[in-house]
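Let's walk through this structure together, looking at how its side chains meet one another. Keep the sequence and the 3D view at hand as we go.

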Amino acid sequence: MIPLFKSTYSRKSILSLEKPSPPNDGPDSIFSIAKDHDLKQIVLVEDEFTGFKTALDRSKELGIQLIFGIRFNVCNDRTAEDKKSSAHKLIVFAKNDEGAKSLMKLYSLAFTESGGFLDCATLKEKWSPNL
């Protein structure tokens with residue numbers, strides 16, 4: 001079993017991406033938890049891409065495989081006025097470095113052109129074998 005984490009970068013978690021350290025009064029680190037439980041890989045699902053570089057660097061530094069995904073809002077038509085009425089959540093994971101680039105392109109598209117939404121047609125068009 002591999003635990004799934006969400007960090008403070010998604011603003012919905014109390015877990016940080018700090019280096020492992022002795023317990024303190026601040027938020028627990030995902031990497032402290034991973035080291036304490038001898039985890040060889042972690043799954044990190046975020047709502048934003050802002051913590052990706054920190055998570056990637058920290059996981060490489062500690063020899064922990066990072067499986068990274070972004071949770072998208074997916075609707076029937078991203079150009080529609082009422083996107084929320086057909087919206088649901090979908091997590092897309094990167095399989096490798098090229099997948100991370102493809103994931104970043106999807107994220108950028110969703111937040112620069114569609115108010116944070118993707119639709120099935122766009123996913124189909126932009127999908128990569130590295131996702």
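A residue is called buried when its relative accessible area is under 20%, exposed when that value is over 50%, and partly exposed in between. One thing to keep in mind throughout is that this is a predicted model.

Let's begin with the charged side chains. The count of salt bridges comes to nine. A good one to look at first joins Glu 98 and Lys 101, whose closest N and O atoms are 3.2 Å apart. With a relative accessibility of 43%, Glu 98 falls between the two cut-offs and so counts as partly exposed. Its partner Lys 101 is also partly exposed, at 49%. These two residues sit three apart in helix H3, so about one helical turn separates them.

Now move to helix H2 and find Glu 61, which takes part in salt bridges with Lys 19 and with Arg 58. The contact between Glu 61 and Arg 58 has an N to O distance of 3.6 Å. Both of these residues belong to helix H2, where they are three residues apart, about one turn of the helix. The contact between Glu 61 and Lys 19, at 3.8 Å from N to O, links distant parts of the chain: Lys 19 lies in the loop between strand E1 (4-5) and helix H1 (30-36), 42 residues away from Glu 61.

How buried or exposed are these three side chains? Glu 61 is partly exposed at 46% relative accessibility, and Lys 19 is partly exposed at 46% as well. Arg 58, on the other hand, has a relative accessibility of 13% and counts as buried. Elsewhere, salt bridges connect Lys 6, Asp 47 and Arg 71 into a network.

Next come the aromatic rings. A pair of aromatic rings is described by how far apart the centres are and by the angle of the planes. In this model the count of aromatic pairs is five. In one of them, Phe 49 and Tyr 107 have ring centres 5.7 Å apart and planes at 55° to each other, an arrangement that counts as tilted. Phe 49 is found in the loop between strand E2 (41-46) and helix H2 (52-62), while Tyr 107 belongs to helix H3 (residues 97-113), so this pair ties together parts of the chain that are 58 residues apart in sequence. Both partners are shielded by the definition used here: Phe 49 is buried at 8% relative accessibility, and Tyr 107 is buried at 15%. Ring pairs also join Phe 49 and Tyr 107 with Phe 52, Phe 68 and Phe 111 in a cluster.

Finally, have a look at the cysteines. A disulfide is a covalent bond between two cysteine sulfur atoms. How many disulfides does the model contain? The count is zero. Why is Cys 75 not bonded to another cysteine? The closest cysteine sulfur to that of Cys 75 belongs to Cys 120 and is 8.4 Å away, which is too far for a bond because a disulfide needs the two sulfur atoms within 2.5 Å. Seen from the other side, Cys 120 is in no disulfide either, and its nearest cysteine sulfur is that of Cys 75. The surroundings of these two cysteines can be compared too: Cys 75 is buried, with a relative accessibility of 0%, whereas Cys 120 is partly exposed at 48%.

Definitions and conventions: Residues are numbered from 1 along each chain as its sequence is written. This is a predicted model: local features need pLDDT of at least 70, side-chain atom pairs count only at pLDDT 80 or more; totals for chains, interfaces and linings use all residues. Side-chain values use heavy atoms; hydrogens and water are left out. Rings of Phe, Tyr and Trp (its six-membered ring) pair if their centres lie within 6.5 Å; planes under 30 degrees apart count as stacked, over 60 as edge-to-face and the rest as tilted. Helices (H or I, at least four residues) and strands (E, at least two) are DSSP runs, numbered from the N terminus. Buried means under 20% relative accessible area, exposed over 50%, partly exposed in between (1.4 Å probe, protein chains only). A salt bridge is a side-chain nitrogen of Lys or Arg within 4 Å of a carboxyl oxygen of Asp or Glu.
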